[in-house]
Amino acid sequence: MSYTLNCSILLTELPINQRADAAKQAGFDGVEFWWPFDAAVPTDKQVDEFLGSIKNAGVQLDGLNFFAGDMPAGDRGLVSWVGRGAEFRENVDVVSAIGEATGCKSFNALYGNRHKESSARAQDELAVENLLIATAGVARIGGTVLIEPVSGTEAYPLKTADDALAVVQKVKQSGGENIGLLADFYHLAVNGDDVAAVIEKHAKDFAHIQIADAPERGAPGTGDLPLMDWITRSRELSYAGLVALEYKQSAQTAFDWLRTAEVEAS
């Protein structure tokens, strides 16, 4: 299995710029992050320190989120948020610059919650406009924009693979070809999607996979999802990308399951 480690949900015992090194020490050559700054446009010093942490750790940055607002407060993206389009567009430039500096090619654009102040139609139209800007922004570095169904936030409108793929299709029809589905098996399962059926129908279209077990979003084996079977089947159906570990667990025990799996495989 080719795993990459999400350092925004794991290794949180450490400051953000120490996590890439900790991931390397844990045996990972690749990492991904949600947006690692508090603002859409961080200072040059903040960006340089983040880039330095990746370089000094000797890992590859495999994935990065666009700025999603105040996630601890419940925000889930600016893509469809009427009134914050300029902020998102400014963020695209920073994201593409980080991608160019690191060789990162995958960029997750959280769609955004529904807001009562704007109609769903207005938000969806803005989302297509912003995603076209995002796809154009990362196209110059060979990047792909990812669209993800999310659980745990009722106001977030993309719950199933079909919801996300409908957005992907709209953007592609408008000329943004470098966009695809982020298949997070945890979110899909918790939202009630038939993950096995999604894999059978769409594995060839997956642009990225993330995993966590359900119901507690812990490491594989802590819940009841057949994650390894789903990964294997996705690969049988032509998925050739990375699998991101995006679960909640203390650093002390976070990778016990992986060590056990490696022993069993040998």
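Strands, such as β3, are DSSP runs of E that span at least two residues and are numbered from the N terminus. The legends below use these element names for a predicted model.

**View 1. A closed barrel of eight strands.** In this predicted model, eight strands form a closed barrel in the order β1-β2-β3-β4-β5-β6-β7-β8, and their pairing is parallel. On average, and with direction ignored, neighbouring strands of this sheet are turned by 30° against each other. Helix α3, made up of residues 85-102, packs on the sheet and touches both β3 and β4, its direction making about 170° with that of β3. Helix α8, residues 227-236, likewise packs on the sheet, where it touches β1, β7 and β8 (243-245), and its direction makes about 165° with that of β7.

**View 2. Strand β1 and its two partners.** Strand β1, which covers residues 3-6, runs parallel to β2 and is joined to it by two bridges. Towards β8 there are three bridges, and here too the two strands run parallel. L5 can be followed to both neighbours, since it stands opposite V31 in β2 and opposite L245 in β8. N6, in turn, stands opposite E32 in β2. Both faces of β1 are covered, with Y3 and L5 buried on one side and T4 and N6 buried on the other.

**View 3. The largest cavity and the strands around it.** A search of the whole structure finds one cavity of 30 Å³ or more, and the volume of the largest cavity is about 60 Å³. Its lining consists of 13 residues, of which E32, G63, L64, N65 and Q210 are the closest to the centre of the cavity. Two or more lining residues come from each of the strands β2 (30-33), β3 (60-65), β4 (106-108) and β7 (206-211), and β3 gives the most, with three residues. By residue class, the lining of the largest cavity divides into seven polar, five nonpolar and one charged. E32, one of the residues closest to the centre of this cavity, is also the residue of β2 that stands opposite N6.

**View 4. The largest pocket.** About 590 Å³ of space lies in the largest pocket. This pocket is lined by 29 residues, among which W34, A68, M71, P72 and R76 are the closest to its centre. The lining of the largest pocket comprises 12 nonpolar, nine polar and eight charged residues.

**View 5. T102 in helix α3.** T102 belongs to helix α3, the helix that packs on the sheet against β3 and β4. Its relative accessibility is 16%, and T102 therefore counts as buried, the cut-off for that class being under 20%. When residues up to four places away in sequence are not counted, T102 touches L51, Q60 and L61.

**View 6. G52 in helix α2.** G52 is found in helix α2, which spans residues 44-57. Because the relative accessible area of G52 is 22%, this residue is partly exposed, a class that lies between the limits of 20% for buried and 50% for exposed. N17 and G52 are separated by 35 residues in sequence, while the distance between them in space is 8.4 Å from C-alpha to C-alpha.

How values were computed:
Residues are numbered from 1 along each chain as its sequence is written. This is a predicted model: local features need pLDDT of at least 70, side-chain atom pairs count only at pLDDT 80 or more; totals for chains, interfaces and linings use all residues. Side-chain values use heavy atoms; hydrogens and water are left out. On a 1 Å grid over the protein atoms alone, a cavity is a set of points where a 1.4 Å probe fits but cannot get out, and a pocket is an open set with protein on both sides within 12 Å along at least five of seven lines; lining residues have an atom within 4 Å of a point. Grid points are joined across faces, edges and corners, and a volume is the space filled by probe spheres set on the points. Ala, Val, Leu, Ile, Met, Phe, Trp, Tyr, Cys and Pro count as nonpolar, Asp, Glu, Lys and Arg as charged, and the others, Gly among them, as polar. Helices (H or I, at least four residues) and strands (E, at least two) are DSSP runs, numbered from the N terminus. Two strands pair if DSSP finds at least two bridges between them. Axes are lines fitted to C-alpha atoms, for helices over the stretch in contact, and angles run from 0 to 180 degrees between N-to-C directions. Contact means heavy atoms within 4.5 Å. Buried means under 20% relative accessible area, exposed over 50%, partly exposed in between (1.4 Å probe, protein chains only).
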